[in-house]
2 protein chains.
Amino acid sequence: MIRIVILGTGNVAKHLYKAFKAQDSLEVVQVYGRNPKALRYFEPYTKTTSELSNIMVADVYMLAVSDDAIGTLSKQLNLTQGILVHTSGSVAMNLLPNRMGRGVFYPLQTFSENRVLDFKEIPICIEASDDDGLRLLTQLASALSETVVPLNSKKRRALHLAAVFANNFTNHMYHLSHEFCDQKDVPFKLLLPLIKETADKLEGLSPYDAQTGPARRNDKGTLKKHLSQLKSENHKKIYSLLSKSIQTTYGKKL
Amino acid sequence: MIRIVILGTGNVAKHLYKAFKAQDSLEVVQVYGRNPKALRYFEPYTKTTSELSNIMVADVYMLAVSDDAIGTLSKQLNLTQGILVHTSGSVAMNLLPNRMGRGVFYPLQTFSENRVLDFKEIPICIEASDDDGLRLLTQLASALSETVVPLNSKKRRALHLAAVFANNFTNHMYHLSHEFCDQKDVPFKLLLPLIKETADKLEGLSPYDAQTGPARRNDKGTLKKHLSQLKSENHKKIYSLLSKSIQTTYGKKL
(Lines give C-alpha, C1' and ligand atoms only; values in the text may rest on other atoms or scores of the structure.)
Protein backbone atom coordinates (compact mmCIF):
# COMPACT_ATOMS: atom_id res chain seq x y z
CA MET A 1 0.00 0.00 0.00
CA ILE A 2 1.41 3.41 -0.98
CA ARG A 3 0.18 6.22 1.29
CA ILE A 4 -0.19 9.60 -0.40
CA VAL A 5 -0.80 13.14 0.83
CA ILE A 6 -2.01 15.50 -1.90
CA LEU A 7 -1.15 19.16 -1.41
CA GLY A 8 -3.45 21.28 -3.55
CA THR A 9 -7.16 21.37 -4.41
CA GLY A 10 -7.33 22.41 -8.08
CA ASN A 11 -8.16 20.41 -11.19
CA VAL A 12 -4.94 18.39 -11.16
CA ALA A 13 -5.44 17.55 -7.48
CA LYS A 14 -9.03 16.43 -8.11
CA HIS A 15 -8.20 14.31 -11.14
CA LEU A 16 -5.25 12.69 -9.34
CA TYR A 17 -7.33 12.08 -6.24
CA LYS A 18 -10.01 10.28 -8.24
CA ALA A 19 -7.42 8.20 -10.08
CA PHE A 20 -5.57 7.19 -6.86
CA LYS A 21 -8.83 6.41 -5.06
CA ALA A 22 -9.79 3.89 -7.75
CA GLN A 23 -6.69 1.77 -6.99
CA ASP A 24 -6.66 -0.71 -4.12
CA SER A 25 -2.89 -0.51 -3.82
CA LEU A 26 -2.95 3.24 -3.17
CA GLU A 27 -4.39 5.28 -0.35
CA VAL A 28 -4.77 9.04 -0.24
CA VAL A 29 -4.46 9.53 3.52
CA GLN A 30 -5.00 13.30 3.44
CA VAL A 31 -5.52 16.34 1.24
CA TYR A 32 -4.01 19.67 2.25
CA GLY A 33 -5.41 22.99 1.01
CA ARG A 34 -4.82 26.53 2.25
CA ASN A 35 -8.46 27.38 1.66
CA PRO A 36 -10.89 25.26 3.78
CA LYS A 37 -13.73 25.85 1.26
CA ALA A 38 -11.73 24.21 -1.51
CA LEU A 39 -11.32 21.12 0.67
CA ARG A 40 -15.06 20.38 0.75
CA TYR A 41 -14.80 18.37 -2.46
CA PHE A 42 -12.54 15.86 -0.68
CA GLU A 43 -14.08 15.86 2.82
CA PRO A 44 -16.64 13.07 2.28
CA TYR A 45 -13.88 10.66 1.21
CA THR A 46 -10.64 11.37 3.07
CA LYS A 47 -9.03 13.44 5.80
CA THR A 48 -8.28 17.06 5.00
CA THR A 49 -6.38 19.90 6.63
CA SER A 50 -5.55 23.57 6.15
CA GLU A 51 -2.67 23.47 8.64
CA LEU A 52 0.78 22.57 7.45
CA SER A 53 1.63 21.44 10.98
CA ASN A 54 -1.11 18.77 10.77
CA ILE A 55 0.20 16.95 7.74
CA MET A 56 0.08 13.19 8.23
CA VAL A 57 2.76 10.58 7.69
CA ALA A 58 2.85 9.24 4.12
CA ASP A 59 5.15 7.65 1.56
CA VAL A 60 4.56 10.27 -1.12
CA TYR A 61 3.77 13.97 -0.66
CA MET A 62 2.40 15.25 -3.94
CA LEU A 63 2.33 18.97 -4.71
CA ALA A 64 -0.51 19.69 -7.15
CA VAL A 65 -0.27 23.48 -7.04
CA SER A 66 0.59 26.22 -9.56
CA ASP A 67 4.20 26.42 -10.76
CA ASP A 68 4.79 29.61 -8.79
CA ALA A 69 3.63 28.04 -5.53
CA ILE A 70 5.87 24.96 -5.69
CA GLY A 71 8.97 26.69 -4.32
CA THR A 72 7.25 28.58 -1.53
CA LEU A 73 5.02 25.77 -0.33
CA SER A 74 7.75 23.13 -0.38
CA LYS A 75 10.00 25.35 1.76
CA GLN A 76 7.25 25.68 4.38
CA LEU A 77 6.87 21.93 4.73
CA ASN A 78 8.47 20.36 7.74
CA LEU A 79 8.85 16.82 6.48
CA THR A 80 11.81 14.56 7.00
CA GLN A 81 10.85 11.18 5.57
CA GLY A 82 9.06 9.99 2.42
CA ILE A 83 9.42 11.56 -1.00
CA LEU A 84 8.22 15.04 -1.96
CA VAL A 85 7.17 15.34 -5.61
CA HIS A 86 5.66 18.07 -7.76
CA THR A 87 3.42 17.57 -10.81
CA SER A 88 4.66 20.33 -13.10
CA GLY A 89 6.03 20.02 -16.62
CA SER A 90 8.21 23.09 -16.55
CA VAL A 91 9.65 23.22 -13.01
CA ALA A 92 13.00 21.51 -12.33
CA MET A 93 13.14 18.80 -9.67
CA ASN A 94 15.93 20.57 -7.80
CA LEU A 95 13.63 23.46 -6.96
CA LEU A 96 12.38 21.17 -4.20
CA PRO A 97 14.32 21.24 -0.89
CA ASN A 98 16.88 18.46 -0.61
CA ARG A 99 16.35 17.47 3.02
CA MET A 100 14.23 14.50 1.94
CA GLY A 101 13.63 12.36 -1.16
CA ARG A 102 12.58 14.50 -4.16
CA GLY A 103 10.85 13.71 -7.38
CA VAL A 104 8.48 14.68 -10.17
CA PHE A 105 5.21 13.03 -11.17
CA TYR A 106 4.04 14.80 -14.34
CA PRO A 107 0.89 13.49 -16.03
CA LEU A 108 0.99 14.88 -19.58
CA GLN A 109 -2.61 15.93 -20.06
CA THR A 110 -4.88 18.97 -19.93
CA PHE A 111 -7.12 18.80 -16.86
CA SER A 112 -10.48 20.56 -16.96
CA GLU A 113 -13.24 20.31 -14.44
CA ASN A 114 -16.07 17.94 -15.38
CA ARG A 115 -14.02 15.98 -17.91
CA VAL A 116 -13.80 12.25 -17.29
CA LEU A 117 -10.28 11.09 -18.14
CA ASP A 118 -8.90 7.61 -18.55
CA PHE A 119 -5.60 7.72 -16.70
CA LYS A 120 -4.51 4.45 -18.33
CA GLU A 121 -3.89 6.43 -21.52
CA ILE A 122 -2.15 9.41 -19.95
CA PRO A 123 1.66 9.31 -20.10
CA ILE A 124 3.19 9.95 -16.68
CA CYS A 125 6.73 11.33 -16.71
CA ILE A 126 8.66 10.61 -13.54
CA GLU A 127 11.98 11.71 -12.08
CA ALA A 128 13.51 11.07 -8.64
CA SER A 129 16.58 12.04 -6.66
CA ASP A 130 17.50 8.44 -5.83
CA ASP A 131 16.82 4.86 -6.93
CA ASP A 132 14.38 4.09 -4.11
CA GLY A 133 12.34 7.15 -5.08
CA LEU A 134 12.34 6.16 -8.72
CA ARG A 135 11.16 2.65 -7.84
CA LEU A 136 8.36 4.04 -5.68
CA LEU A 137 7.22 6.54 -8.32
CA THR A 138 7.35 3.86 -11.00
CA GLN A 139 5.09 1.67 -8.86
CA LEU A 140 2.72 4.56 -8.20
CA ALA A 141 2.58 5.72 -11.83
CA SER A 142 2.18 2.17 -13.13
CA ALA A 143 -0.88 1.68 -10.95
CA LEU A 144 -2.54 4.47 -12.94
CA SER A 145 -1.10 4.50 -16.42
CA GLU A 146 0.16 2.16 -19.10
CA THR A 147 2.78 4.70 -20.16
CA VAL A 148 5.35 5.56 -17.48
CA VAL A 149 8.39 7.44 -18.73
CA PRO A 150 11.46 8.36 -16.66
CA LEU A 151 12.50 11.81 -17.94
CA ASN A 152 14.99 14.32 -16.55
CA SER A 153 14.04 17.93 -15.84
CA LYS A 154 15.55 19.28 -19.07
CA LYS A 155 13.69 16.87 -21.31
CA ARG A 156 10.48 17.27 -19.36
CA ARG A 157 10.74 21.04 -19.86
CA ALA A 158 11.13 20.50 -23.60
CA LEU A 159 8.12 18.18 -23.67
CA HIS A 160 6.12 20.81 -21.82
CA LEU A 161 6.99 23.44 -24.43
CA ALA A 162 6.08 21.01 -27.23
CA ALA A 163 2.75 20.63 -25.44
CA VAL A 164 2.19 24.38 -25.69
CA PHE A 165 2.22 24.06 -29.48
CA ALA A 166 0.17 20.86 -29.52
CA ASN A 167 -2.40 21.99 -26.97
CA ASN A 168 -2.45 25.76 -26.25
CA PHE A 169 -1.76 26.94 -29.79
CA THR A 170 -3.95 24.27 -31.35
CA ASN A 171 -6.81 25.32 -29.11
CA HIS A 172 -6.22 28.93 -30.15
CA MET A 173 -6.57 27.85 -33.80
CA TYR A 174 -9.95 26.38 -32.83
CA HIS A 175 -10.83 29.70 -31.23
CA LEU A 176 -9.84 31.76 -34.29
CA SER A 177 -11.85 29.38 -36.45
CA HIS A 178 -14.80 29.77 -34.09
CA GLU A 179 -14.48 33.56 -34.18
CA PHE A 180 -14.42 33.58 -37.98
CA CYS A 181 -17.48 31.28 -38.13
CA ASP A 182 -19.37 33.65 -35.85
CA GLN A 183 -18.44 36.62 -38.02
CA LYS A 184 -19.76 34.86 -41.11
CA ASP A 185 -22.74 33.29 -39.40
CA VAL A 186 -21.84 29.66 -40.06
CA PRO A 187 -22.09 27.07 -37.26
CA PHE A 188 -18.65 26.20 -35.78
CA LYS A 189 -19.97 22.84 -34.56
CA LEU A 190 -19.92 21.60 -38.17
CA LEU A 191 -16.14 21.57 -37.84
CA LEU A 192 -16.01 19.21 -34.85
CA PRO A 193 -15.77 15.93 -36.83
CA LEU A 194 -12.97 17.48 -38.92
CA ILE A 195 -11.13 18.59 -35.78
CA LYS A 196 -11.42 15.11 -34.28
CA GLU A 197 -10.20 13.39 -37.42
CA THR A 198 -7.26 15.82 -37.70
CA ALA A 199 -6.17 14.69 -34.22
CA ASP A 200 -7.01 10.99 -34.68
CA LYS A 201 -5.08 10.80 -37.95
CA LEU A 202 -1.78 11.17 -36.07
CA GLU A 203 -2.07 7.61 -34.86
CA GLY A 204 -1.02 6.30 -38.24
CA LEU A 205 0.47 9.33 -39.96
CA SER A 206 3.12 11.90 -39.01
CA PRO A 207 1.86 15.50 -39.02
CA TYR A 208 4.41 16.15 -41.78
CA ASP A 209 2.69 13.59 -44.01
CA ALA A 210 -0.83 14.50 -42.88
CA GLN A 211 -0.55 18.15 -43.95
CA THR A 212 -3.06 19.23 -46.61
CA GLY A 213 -4.45 22.56 -47.80
CA PRO A 214 -3.55 25.45 -50.10
CA ALA A 215 -0.25 26.34 -48.37
CA ARG A 216 0.94 22.73 -48.60
CA ARG A 217 0.05 22.70 -52.32
CA ASN A 218 1.54 26.19 -52.72
CA ASP A 219 -1.78 27.18 -54.32
CA LYS A 220 -1.15 30.92 -54.44
CA GLY A 221 -4.53 31.77 -55.94
CA THR A 222 -6.46 30.27 -53.03
CA LEU A 223 -4.06 31.75 -50.46
CA LYS A 224 -4.73 35.22 -51.92
CA LYS A 225 -8.50 34.66 -52.00
CA HIS A 226 -8.47 33.45 -48.39
CA LEU A 227 -6.54 36.50 -47.21
CA SER A 228 -9.07 38.80 -48.88
CA GLN A 229 -11.91 37.01 -47.05
CA LEU A 230 -10.36 37.72 -43.66
CA LYS A 231 -11.29 41.09 -42.20
CA SER A 232 -9.53 40.88 -38.82
CA GLU A 233 -5.90 42.07 -38.92
CA ASN A 234 -5.02 39.40 -36.37
CA HIS A 235 -6.55 36.63 -38.52
CA LYS A 236 -4.68 37.98 -41.57
CA LYS A 237 -1.33 38.12 -39.78
CA ILE A 238 -1.68 34.59 -38.43
CA TYR A 239 -2.94 33.25 -41.76
CA SER A 240 0.11 34.73 -43.53
CA LEU A 241 2.72 33.60 -41.03
CA LEU A 242 1.42 30.03 -40.74
CA SER A 243 0.92 29.65 -44.49
CA LYS A 244 4.48 30.87 -45.03
CA SER A 245 5.72 28.42 -42.39
CA ILE A 246 3.92 25.56 -44.12
CA GLN A 247 5.27 26.59 -47.53
CA THR A 248 8.81 26.71 -46.11
CA THR A 249 8.35 23.32 -44.45
CA TYR A 250 7.59 21.76 -47.81
CA GLY A 251 10.45 23.59 -49.56
CA LYS A 252 8.29 25.85 -51.68
CA LYS A 253 9.71 29.05 -53.07
CA LEU A 254 7.81 32.06 -51.74
CA MET B 1 -32.62 4.28 -56.48
CA ILE B 2 -30.32 7.24 -57.14
CA ARG B 3 -27.84 6.56 -59.93
CA ILE B 4 -24.48 8.29 -59.58
CA VAL B 5 -21.50 8.81 -61.86
CA ILE B 6 -18.33 9.83 -60.00
CA LEU B 7 -15.83 11.90 -61.99
CA GLY B 8 -12.44 11.68 -60.33
CA THR B 9 -10.27 8.98 -58.77
CA GLY B 10 -8.55 10.65 -55.78
CA ASN B 11 -9.11 10.28 -52.04
CA VAL B 12 -12.47 12.08 -52.06
CA ALA B 13 -13.70 9.94 -54.98
CA LYS B 14 -12.62 6.75 -53.20
CA HIS B 15 -14.17 7.67 -49.86
CA LEU B 16 -17.42 8.75 -51.53
CA TYR B 17 -17.50 5.63 -53.64
CA LYS B 18 -17.19 3.39 -50.59
CA ALA B 19 -19.87 5.35 -48.74
CA PHE B 20 -22.33 5.24 -51.67
CA LYS B 21 -21.67 1.55 -52.30
CA ALA B 22 -22.69 0.71 -48.71
CA GLN B 23 -26.21 2.09 -49.29
CA ASP B 24 -28.90 0.00 -51.00
CA SER B 25 -30.74 3.11 -52.17
CA LEU B 26 -27.74 4.37 -54.12
CA GLU B 27 -25.89 3.00 -57.12
CA VAL B 28 -22.60 4.22 -58.52
CA VAL B 29 -23.15 3.26 -62.15
CA GLN B 30 -19.74 4.45 -63.34
CA VAL B 31 -16.48 6.12 -62.37
CA TYR B 32 -14.70 8.39 -64.84
CA GLY B 33 -10.96 9.09 -64.64
CA ARG B 34 -8.58 10.59 -67.19
CA ASN B 35 -5.87 8.17 -66.16
CA PRO B 36 -6.83 4.49 -66.75
CA LYS B 37 -4.35 3.33 -64.07
CA ALA B 38 -6.16 5.32 -61.41
CA LEU B 39 -9.40 3.53 -62.33
CA ARG B 40 -8.07 0.12 -61.30
CA TYR B 41 -9.19 0.67 -57.71
CA PHE B 42 -12.82 0.83 -58.90
CA GLU B 43 -12.75 -1.75 -61.71
CA PRO B 44 -13.63 -4.83 -59.63
CA TYR B 45 -16.84 -3.19 -58.41
CA THR B 46 -18.32 -0.89 -61.05
CA LYS B 47 -18.05 0.29 -64.66
CA THR B 48 -15.24 2.73 -65.42
CA THR B 49 -14.22 4.88 -68.37
CA SER B 50 -11.51 7.30 -69.45
CA GLU B 51 -13.60 8.71 -72.29
CA LEU B 52 -15.87 11.65 -71.64
CA SER B 53 -18.01 10.56 -74.62
CA ASN B 54 -18.77 7.25 -72.83
CA ILE B 55 -20.31 8.68 -69.71
CA MET B 56 -23.47 6.82 -68.77
CA VAL B 57 -26.91 8.14 -67.90
CA ALA B 58 -27.31 8.98 -64.21
CA ASP B 59 -29.27 11.16 -61.82
CA VAL B 60 -26.22 12.77 -60.23
CA TYR B 61 -22.85 13.51 -61.83
CA MET B 62 -20.39 14.13 -59.04
CA LEU B 63 -17.11 15.93 -59.70
CA ALA B 64 -14.52 14.80 -57.15
CA VAL B 65 -11.53 16.55 -58.70
CA SER B 66 -9.17 19.35 -57.63
CA ASP B 67 -10.62 22.86 -57.39
CA ASP B 68 -8.70 23.97 -60.48
CA ALA B 69 -10.08 21.13 -62.60
CA ILE B 70 -13.76 21.76 -61.81
CA GLY B 71 -14.23 24.54 -64.38
CA THR B 72 -12.35 22.86 -67.21
CA LEU B 73 -13.79 19.39 -66.76
CA SER B 74 -17.37 20.57 -66.33
CA LYS B 75 -17.16 22.54 -69.59
CA GLN B 76 -16.00 19.44 -71.47
CA LEU B 77 -18.97 17.42 -70.31
CA ASN B 78 -21.75 16.96 -72.82
CA LEU B 79 -24.62 16.24 -70.45
CA THR B 80 -28.14 17.57 -70.73
CA GLN B 81 -30.12 15.85 -67.99
CA GLY B 82 -29.53 15.07 -64.30
CA ILE B 83 -27.69 17.29 -61.89
CA LEU B 84 -23.98 18.13 -62.03
CA VAL B 85 -22.42 18.74 -58.62
CA HIS B 86 -18.93 19.45 -57.35
CA THR B 87 -17.55 18.52 -53.93
CA SER B 88 -15.41 21.57 -53.16
CA GLY B 89 -15.65 23.87 -50.17
CA SER B 90 -14.23 26.94 -51.84
CA VAL B 91 -15.61 26.87 -55.41
CA ALA B 92 -18.89 28.68 -56.12
CA MET B 93 -21.78 26.65 -57.54
CA ASN B 94 -22.17 29.00 -60.51
CA LEU B 95 -18.75 28.01 -61.82
CA LEU B 96 -20.58 24.97 -63.19
CA PRO B 97 -22.21 25.38 -66.64
CA ASN B 98 -25.92 26.22 -66.44
CA ARG B 99 -27.24 24.00 -69.22
CA MET B 100 -28.36 21.40 -66.67
CA GLY B 101 -29.15 21.16 -62.94
CA ARG B 102 -26.23 22.32 -60.83
CA GLY B 103 -25.30 21.75 -57.24
CA VAL B 104 -22.70 21.25 -54.56
CA PHE B 105 -22.15 18.23 -52.31
CA TYR B 106 -19.42 19.19 -49.84
CA PRO B 107 -18.50 16.66 -47.14
CA LEU B 108 -16.65 18.66 -44.48
CA GLN B 109 -13.83 16.29 -43.67
CA THR B 110 -10.15 15.63 -44.39
CA PHE B 111 -9.79 12.57 -46.59
CA SER B 112 -6.60 10.56 -46.42
CA GLU B 113 -5.89 7.22 -48.00
CA ASN B 114 -6.21 4.25 -45.64
CA ARG B 115 -8.35 6.08 -43.07
CA VAL B 116 -11.69 4.45 -42.31
CA LEU B 117 -14.28 7.20 -41.92
CA ASP B 118 -17.80 7.04 -40.55
CA PHE B 119 -19.81 9.13 -42.99
CA LYS B 120 -22.73 9.27 -40.56
CA GLU B 121 -20.74 11.79 -38.55
CA ILE B 122 -19.49 13.89 -41.45
CA PRO B 123 -21.53 17.07 -42.10
CA ILE B 124 -22.51 17.32 -45.76
CA CYS B 125 -23.17 20.85 -47.02
CA ILE B 126 -25.45 20.96 -50.03
CA GLU B 127 -26.57 23.61 -52.50
CA ALA B 128 -28.62 23.31 -55.70
CA SER B 129 -29.82 25.54 -58.52
CA ASP B 130 -33.47 24.46 -58.14
CA ASP B 131 -35.85 22.79 -55.69
CA ASP B 132 -35.82 19.40 -57.42
CA GLY B 133 -32.04 19.39 -57.22
CA LEU B 134 -32.08 20.32 -53.56
CA ARG B 135 -34.55 17.52 -52.80
CA LEU B 136 -32.41 14.98 -54.65
CA LEU B 137 -29.19 16.10 -52.93
CA THR B 138 -30.93 16.08 -49.54
CA GLN B 139 -32.01 12.49 -50.19
CA LEU B 140 -28.53 11.51 -51.32
CA ALA B 141 -26.72 13.23 -48.45
CA SER B 142 -29.19 11.89 -45.87
CA ALA B 143 -28.49 8.33 -47.00
CA LEU B 144 -24.88 8.89 -45.88
CA SER B 145 -24.87 11.39 -43.04
CA GLU B 146 -26.88 12.45 -40.04
CA THR B 147 -25.90 16.08 -40.59
CA VAL B 148 -27.09 17.55 -43.89
CA VAL B 149 -26.83 21.35 -44.14
CA PRO B 150 -28.10 23.50 -47.01
CA LEU B 151 -25.50 26.27 -47.37
CA ASN B 152 -25.00 28.88 -50.09
CA SER B 153 -21.66 29.34 -51.85
CA LYS B 154 -20.64 32.35 -49.78
CA LYS B 155 -21.19 30.65 -46.44
CA ARG B 156 -19.61 27.43 -47.65
CA ARG B 157 -16.53 29.40 -48.67
CA ALA B 158 -16.37 30.91 -45.16
CA LEU B 159 -16.73 27.46 -43.59
CA HIS B 160 -13.91 26.21 -45.79
CA LEU B 161 -11.62 29.00 -44.61
CA ALA B 162 -12.57 28.29 -40.99
CA ALA B 163 -11.55 24.68 -41.72
CA VAL B 164 -8.10 25.88 -42.80
CA PHE B 165 -7.55 27.20 -39.26
CA ALA B 166 -9.14 24.18 -37.58
CA ASN B 167 -7.43 21.57 -39.75
CA ASN B 168 -4.44 22.82 -41.79
CA PHE B 169 -3.06 25.22 -39.18
CA THR B 170 -3.79 22.88 -36.30
CA ASN B 171 -1.93 20.10 -38.08
CA HIS B 172 0.98 22.49 -38.63
CA MET B 173 1.06 23.11 -34.86
CA TYR B 174 1.37 19.34 -34.45
CA HIS B 175 4.23 19.40 -36.94
CA LEU B 176 6.10 22.22 -35.18
CA SER B 177 5.63 20.37 -31.90
CA HIS B 178 6.96 17.20 -33.53
CA GLU B 179 9.95 19.07 -34.92
CA PHE B 180 10.76 20.55 -31.53
CA CYS B 181 10.48 17.12 -29.86
CA ASP B 182 12.91 15.69 -32.41
CA GLN B 183 15.38 18.51 -31.77
CA LYS B 184 15.27 17.84 -28.02
CA ASP B 185 15.14 14.07 -28.34
CA VAL B 186 11.81 13.54 -26.57
CA PRO B 187 9.17 11.22 -28.09
CA PHE B 188 6.36 13.16 -29.83
CA LYS B 189 4.00 10.20 -29.40
CA LEU B 190 3.73 11.06 -25.68
CA LEU B 191 1.67 14.07 -26.79
CA LEU B 192 -1.00 12.07 -28.62
CA PRO B 193 -3.40 11.64 -25.65
CA LEU B 194 -3.12 15.39 -24.96
CA ILE B 195 -3.82 16.20 -28.61
CA LYS B 196 -6.88 13.94 -28.59
CA GLU B 197 -8.25 15.40 -25.39
CA THR B 198 -7.71 18.97 -26.69
CA ALA B 199 -9.97 18.11 -29.64
CA ASP B 200 -12.50 16.05 -27.66
CA LYS B 201 -12.96 18.78 -25.06
CA LEU B 202 -14.73 20.97 -27.62
CA GLU B 203 -17.81 18.79 -27.31
CA GLY B 204 -18.71 20.38 -24.02
CA LEU B 205 -16.56 23.51 -23.92
CA SER B 206 -16.02 26.43 -26.31
CA PRO B 207 -12.39 26.90 -27.38
CA TYR B 208 -12.56 30.30 -25.71
CA ASP B 209 -13.29 28.65 -22.35
CA ALA B 210 -10.98 25.70 -22.95
CA GLN B 211 -7.87 27.84 -23.39
CA THR B 212 -5.09 27.20 -20.88
CA GLY B 213 -1.35 27.89 -20.74
CA PRO B 214 1.08 30.70 -19.94
CA ALA B 215 -0.25 33.16 -22.55
CA ARG B 216 -3.79 32.73 -21.25
CA ARG B 217 -2.57 33.38 -17.69
CA ASN B 218 -0.34 36.21 -18.97
CA ASP B 219 2.53 34.47 -17.18
CA LYS B 220 5.35 36.60 -18.61
CA GLY B 221 8.11 34.71 -16.82
CA THR B 222 7.22 31.38 -18.45
CA LEU B 223 6.65 33.03 -21.86
CA LYS B 224 10.17 34.46 -21.70
CA LYS B 225 11.68 31.15 -20.58
CA HIS B 226 9.86 29.30 -23.38
CA LEU B 227 11.15 31.74 -26.00
CA SER B 228 14.72 31.22 -24.81
CA GLN B 229 14.29 27.43 -25.16
CA LEU B 230 13.33 27.74 -28.84
CA LYS B 231 16.28 27.81 -31.21
CA SER B 232 14.51 27.94 -34.58
CA GLU B 233 13.65 31.48 -35.72
CA ASN B 234 10.42 30.16 -37.20
CA HIS B 235 9.37 28.54 -33.90
CA LYS B 236 10.20 31.77 -32.05
CA LYS B 237 8.19 33.95 -34.47
CA ILE B 238 5.14 31.70 -34.28
CA TYR B 239 5.41 31.34 -30.51
CA SER B 240 5.45 35.13 -30.12
CA LEU B 241 2.63 35.90 -32.53
CA LEU B 242 0.28 33.23 -31.17
CA SER B 243 1.03 34.05 -27.54
CA LYS B 244 0.32 37.71 -28.30
CA SER B 245 -2.91 36.75 -30.04
CA ILE B 246 -3.99 34.69 -27.00
CA GLN B 247 -3.08 37.52 -24.61
CA THR B 248 -5.10 39.97 -26.70
CA THR B 249 -8.05 37.56 -26.83
CA TYR B 250 -8.20 37.54 -23.05
CA GLY B 251 -7.75 41.30 -22.77
CA LYS B 252 -4.33 41.24 -21.25
CA LYS B 253 -2.06 44.28 -21.47
CA LEU B 254 1.08 43.43 -23.41
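Copies are superposed by least squares on the C-alpha atoms of residues with pLDDT of at least 70 in both. In this predicted model, such a superposition lays chain A on chain B with an RMSD of 0.1 Å, by a turn of 180° and a shift of 0.0 Å along the axis. The two copies are therefore related as by a two-fold rotation axis. Among the residues of chain A, the closest to the rotation axis is A:Thr170, whose C-alpha atom lies at 2.6 Å.

The contact between the copies involves 69 residues of chain A and 70 residues of chain B. On the side of chain A that touches chain B, two or more residues come from each of helix H4 (153-184), helix H5 (192-200), helix H6 (207-210), helix H7 (220-229) and helix H8 (233-249) of chain A. The most is given by H4(A), with 24 residues. By class, the residues on this side of chain A comprise 36 nonpolar, 24 polar and nine charged. Of the interface residues of chain A, 100% are also interface residues in chain B, so the copies meet through the same surface.

Chain A contains eight helices and eight strands. Its C-alpha atoms fill a box of roughly 65 × 35 × 30 Å along the principal axes. Chain A has 254 residues, of which 46% count as buried. When contacts in chain A between residues at least 6 apart in sequence are considered, 49% of them join residues at least 24 apart.

The sheet is described here for chain B. Eight strands form an open sheet with mixed pairing, in the order S3-S2-S1-S4-S5-S6-S7-S8 (chain B). Strand S3 (47-49) and strand S8 (148-150) of chain B stand at the edges with a single partner strand each, so one side of each has no neighbour in the sheet. From one strand to the next, the twist averages 25°. At one of these edges, strand S7 (residues 124-128) of chain B pairs with S8(B) in the parallel sense over three bridges. Within this pair, B:Ile126 has B:Pro150 in S8(B) as its bridge partner. Helix H4 (residues 153-184) of chain B packs on the sheet, where it touches strand S6 (101-107) and S7 of chain B, and its direction makes about 155° with that of S7(B). Helix H1 (residues 11-21) of chain B lies across strand S1 (2-7), strand S2 (26-32) and strand S4 (60-63) of chain B, and runs at about 150° to S2(B).

Strand S6 was examined further in chain A. Seven of the seven residues of strand S6 (residues 101-107) of chain A are buried, so this strand is largely enclosed by the rest of the structure. In a regular strand the side chains alternate between the two faces of the sheet. In S6(A), A:Gly101, A:Gly103, A:Phe105 and A:Pro107 point one way, while A:Arg102, A:Val104 and A:Tyr106 point the other way, and all are buried.

Strands of a sheet pair through backbone hydrogen bonds, either parallel or antiparallel. Strand S5 (residues 83-86) of chain A runs parallel to S6(A) and is joined to S6(A) by four bridges. Here A:His86 stands opposite A:Val104 of S6(A). With strand S7 (residues 124-128) of chain A, S6(A) pairs in the antiparallel sense over five bridges. In this pairing A:Phe105 stands opposite A:Ile126 of S7(A).

Terms used
Residues are numbered from 1 along each chain as its sequence is written. Chains are lettered from A and ligands numbered from 1 in the order in which they are written. This is a predicted model: local features need pLDDT of at least 70, side-chain atom pairs count only at pLDDT 80 or more; totals for chains, interfaces and linings use all residues. Two strands pair if DSSP finds at least two bridges between them. Axes are lines fitted to C-alpha atoms, for helices over the stretch in contact, and angles run from 0 to 180 degrees between N-to-C directions. Two residues are in contact if their C-beta atoms, placed from the backbone, lie within 7 Å. A residue is buried if 20 or more other C-beta atoms lie within 10 Å of its own, exposed if 12 or fewer, and partly exposed in between; C-beta atoms are placed from the backbone. Ala, Val, Leu, Ile, Met, Phe, Trp, Tyr, Cys and Pro count as nonpolar, Asp, Glu, Lys and Arg as charged, and the others, Gly among them, as polar.
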